[in-house]
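Take a moment to turn the structure around on your screen before reading on. We'll start at the ligand, then move to the core and the strands.

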Amino acid sequence: MMGFLVRAEIPVIGSGSKFFGRVTISGGENIRIGRNVNVGERVVLSARGGILAIDDGCILLNGVEIESSGTIRIGLGSTLNNDVAIKGAGIYFGEKVWVARNCIVEGTDVQIADRVIFGPFVHVNDGTHRIDPRTSEILMEPGEFKSIRIGENAWIGSGAMILGGVTIGPGAIVGARSVVTKDVPAFCVAVGNPAKVIKNRLTGEKEGDEKQ
Ligand SMILES: CC(C)(COP(=O)(O)OP(=O)(O)OC[C@H]1O[C@@H](n2cnc3c(N)ncnc32)[C@H](O)[C@@H]1OP(=O)(O)O)[C@@H](O)C(=O)NCCC(=O)NCCS
């Protein structure tokens, strides 16, 4: 192990894992880092209020921040690029998920399946504020959360926002900068704000094509 850990609570760390700079740990007793995990500089891992599991072979590049208040799991061989931030509870990444730089994943119930790709600056957030018209301070309204599911092999383009309650099917594609407010079926391509399905990758059928 190179680099060094700040704070005393030492997590369980598997053999072959390497730290390439200063890493800040809090709630280390709730953190499990698997084997052959590579951790870059300025990484912050916090699990005071929950559990954080980083499976074998994961790569956490510089500036990654993960704060668990429930359970967060980063699946086997996944890569979190520079400055990715993951915060909340009930957040599960499958195997070999690729998260490009500066993505944010926040929530209470977010499941991202195997081999999903996030372009840079994707934002996944399953929460919103109630917007009761009688309340002037939205900050005082309770948060509302709706599950997010992203199916295997889906590709979420750069800068897209995925809102609560959305399921993105396996093999689906979300265009760059799209705002996804409704489900995207498996193998469909959805673009825009709000994102609309424009085609089906498997059948080649485009939205608006005449149906026989
Ligand atoms: C969605 C995407 C994959 C292209 O899919 P495609 O099926 O080849 O789509 P086309 O290029 O044929 O475009 C189809 C229509 O959607 C529109 N469109 C494509 N991408 C769009 C986007 N991100 N937002 C809004 N509209 C988009 C096109 O302008 C075109 O509109 P038109 O029919 O009115 O001319 C691509 O545009 C994209 O957004 N890729 C993500 C790139 C990225 O994030 N890279 C980072 C590296 S991971």
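In this predicted model, 14 residues surround the ligand, and the closest are Gly119, Gly157, Ser158, Gly175 and Val191. Two elements, β28 (188–191) and β29 (196–200), each give two or more residues to that shell. What sort of residues make up the shell around the ligand: nonpolar, polar or charged? It's a mix: six are nonpolar, six are polar and two are charged.

Now for the core. In soluble globular proteins, nonpolar side chains tend to be buried together. Here, the largest nonpolar core has 54 residues, and the ones touching the most other members are Val174 and Val180. This core lies between domain 1 (1–99) and domain 2 (107–202), because both of them give residues to it.

Let's zoom in on Val180. If you skip its neighbours within four places in sequence, Val180 is in contact with Ala160, Met161, Ile162, Leu163, Val166, Ile168, Val174, Ala190 and Ala195. Notice that Val174 turns up in that list.

Finally, have a look at some strands. β7 pairs with β4 and also with β10, and here's how those pairings go:

| Strand pair | Direction | Bridges | One bridge |
|---|---|---|---|
| β4 (residues 22–26) and β7 (residues 43–46) | parallel | four | Val23 with Val43 |
| β7 and β10 (residues 65–68) | parallel | three | Ser46 with Glu67 |

So try tracing it yourself: start at Val23, find its bridge partner Val43 in β7, then go to Ser46 and find its partner Glu67 in β10.

Definitions and conventions:
Residues numbered from 1 in each chain as written. Predicted model: local features only at pLDDT ≥ 70, side-chain atom pairs only at ≥ 80, totals over all residues. Near = placed C-beta within 6 Å. Nonpolar A, V, L, I, M, F, W, Y, C, P; charged D, E, K, R; others polar. Core = buried A, V, L, I, M, F, W, Y, C linked by C-beta atoms within 7 Å. Buried ≥ 20, exposed ≤ 12 C-beta atoms within 10 Å, placed from the backbone. Domains from an automatic or database assignment. Contact = placed C-beta atoms within 7 Å. Pairing = 2+ DSSP bridges.
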